[in-house]
Amino acid sequence: MNFKMVFNTIGKVCNIEAILMILPVITCLIYREWSSLFAFLITMAILLALGTFLTLCLRPKDHIIFAKEGFTIVALVWLLVSAFGALPFVISGFIPSFVDAFFETVSGFTTTGASILDDVEALSHGMLFWRSFTHFIGGMGFLVFVMAVIPNLSDRSIHIMRAEMPGPVVGKIVPKAKDTAKILYLIYIVMTALEFVLLALGNMPIFDSIVLSFGTAGTGGFGIKADSIASYSPYCQWVIAVFMILFGINFNLYYLLLIKRFKPVFKSSELHCYFAVIAVASAAIAINTFKTLSLSIRESVFQVASIITTTGYSTVDFDKWPVLSKSVILVLMMLGACAGSTGGGLKVSRAAILIKTARREFKKLIHPHAINNVRFEDKTVEEETTAGIATYFGLYMVCILAVFLLISFEPFDIETNLSAAISCFNNIGPGLAKVGPSMSYSAYSNFTKLVLSAAMLLGRLEIYPLIIAFTPSTWLRK
């Protein structure tokens, strides 16, 4: 383990988090929110002090990062940025409990959108900005951003990207990992800016347009109103729905469009599956909850887009929908968006490969000697990949069941606790029953909030980084 490299990188991350807090500081100055301003300045001072100490006192002899260091850096960074990111809420008094503030901030950075706030509108503009900005930072990945701006990271920092970016396989779209990170973030920023412009053109207030664009880009879903998105115009709801779907697409495909390689984009099996699921689920819910044609289509498409991309915005309390519609929502919670997107969940590509693998096994029973390869995206999927996906799916189910059992000590019904476990692990936000779209997670105990915080981190980082970081053998000097 290259200890100095690990903690030196963490120090740089602390400095960057302090710099990123300049934006909520500016927001506080604009709205003259002095207590919030004071809270951010104290947090920035703590981060800069720690970051300066780690970067100056722990200078690594080399900047080589192997897989072990990559996983460890990612896990520790996400824990620390969440802990420090919670401090402004605590210091300002808006969320006095550190456990509550930690839950809220983990939910922000992991782009989950689950909240302990019963009255979100009581927060200052500065706190609302920071809360939504954590979605934007965490959406593409905090360390992907770090890779884009920090010099001296070796190209083996691809191990950081693989540990942080969601999906069964992560690779470089250009030869250098650092350049890949820059391209991804540039696409991410441009898409966010475009959504902001379109929302502002729909007469949405500028502040609302900014923070809701952050939430959509990161597929996070923190709203700034008690009714989430319901009180905004149909035009704004459609803009947000479309961009949620766009941010749920693999960002590598956007790069291929930029370099005019259209054929692999339009032939993408995952993209076809993604749009097919959205269309079928939207149609099923629209028919099952029919009101008027336009309203039913808008509500069903918006909610399907919000759940499959794990954003969590809502225009309607879907907990009041018929059982069939709620069942579709629950399935979408687990499915998630495309690999390489800002969305969470199992991922469409994993689900498709799992189904194809299962079909192959059935064929083997009938024709034991036949050669049946699993093909996806017009390529044969390697056995190592299919085995890895099967292993991940097993761990995925075990983790959800473990979280569900751990929080079952709470005096709530099975629907509440199960949907809370599924929602937090898949980074959705709202669940069903007492954690539905119109409710919050405030009634849970501190223990359960910490368990659900761990679930959010496990789901966002796709299990392995946290397990590896806290395995004793990882820290041996070898």
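**Exercise 1. Determine whether S213 is buried or exposed, and describe its surroundings.**

Solution. S213 has a relative accessibility of 1%, and therefore counts as buried; buried means under 20% relative accessible area, exposed over 50%, and partly exposed in between (1.4 Å probe, protein chains only). The residue lies in helix α10 (residues 206–217). Helices here are DSSP runs of H or I with at least four residues, numbered from the N terminus. Leaving aside residues up to four places away in sequence, S213 touches T192, E195, F196 and L199, where contact means heavy atoms within 4.5 Å.

The model is predicted: local features need pLDDT of at least 70, side-chain atom pairs count only at pLDDT 80 or more, and totals for chains, interfaces and linings use all residues. Residues are numbered from 1 along each chain as its sequence is written, and side-chain values use heavy atoms, with hydrogens and water left out.

**Exercise 2. Characterise helix α6 (residues 125–140) by its span and its burial.**

Solution. Step one concerns the span. The expected value is 1.5 Å times one less than the number of residues. For the 16 residues of α6 this gives 22 Å, and the end C-alpha atoms are 24 Å apart, which agrees. Step two concerns burial: 15 of the 16 residues of α6 are buried, so the helix is largely enclosed by the rest of the structure. Just after α6, G141 adopts a positive phi of about 115 degrees.

**Exercise 3. Describe how α6 packs against α10.**

Solution. Two packed helices are described by the angle between their axes and the distance between the axes. The axes of α6 and α10 come within 6 Å and cross at roughly 30 degrees. Axes are lines fitted to C-alpha atoms, for helices over the stretch in contact, and angles run from 0 to 180 degrees between N-to-C directions. The two helices are therefore roughly parallel (under 35 degrees; over 145 is roughly antiparallel, 65 to 115 roughly perpendicular, and the rest oblique). The crossing is left-handed, a term used if the near helix is turned anticlockwise from the far one by less than a right angle, and right-handed if clockwise.

On the α6 side, H125, L128, F129, S132, F133, H135 and F136 meet F207, I210, V211, F214, G215 and A217 of α10. These contact residues divide into nine nonpolar, four polar and no charged. Ala, Val, Leu, Ile, Met, Phe, Trp, Tyr, Cys and Pro count as nonpolar, Asp, Glu, Lys and Arg as charged, and the others, Gly among them, as polar.

**Exercise 4. Apply the same procedure to α4 (residues 67–92) with α5 (residues 98–109), and to α1 (residues 3–20) with α3 (residues 34–57).**

Solution. The axes of α4 and α5 come within 8 Å and cross at roughly 125 degrees; the helices are therefore oblique to each other. Their crossing is right-handed. The contact residues comprise 13 nonpolar, three polar and no charged.

For α1 and α3, the axes come within 7 Å and cross at roughly 155 degrees, which makes α1 roughly antiparallel to α3. This crossing is left-handed. The contact involves, among others, F7, N8 and K12 of α1 and M44, L47 and T55 of α3. By class, nine nonpolar, six polar and two charged residues take part.

**Exercise 5. Locate K347 and E462, and state the phi of each.**

Solution. K347 lies in the loop between α16 (323–335) and α17 (348–366). Its phi is near 95 degrees, a positive value in a residue other than glycine. At 1% relative accessibility, K347 counts as buried. E462 lies in the loop between α20 (446–460) and α21 (464–469). E462 has a positive phi of about 55 degrees, although it is not a glycine. With 7% relative accessibility, E462 also counts as buried.
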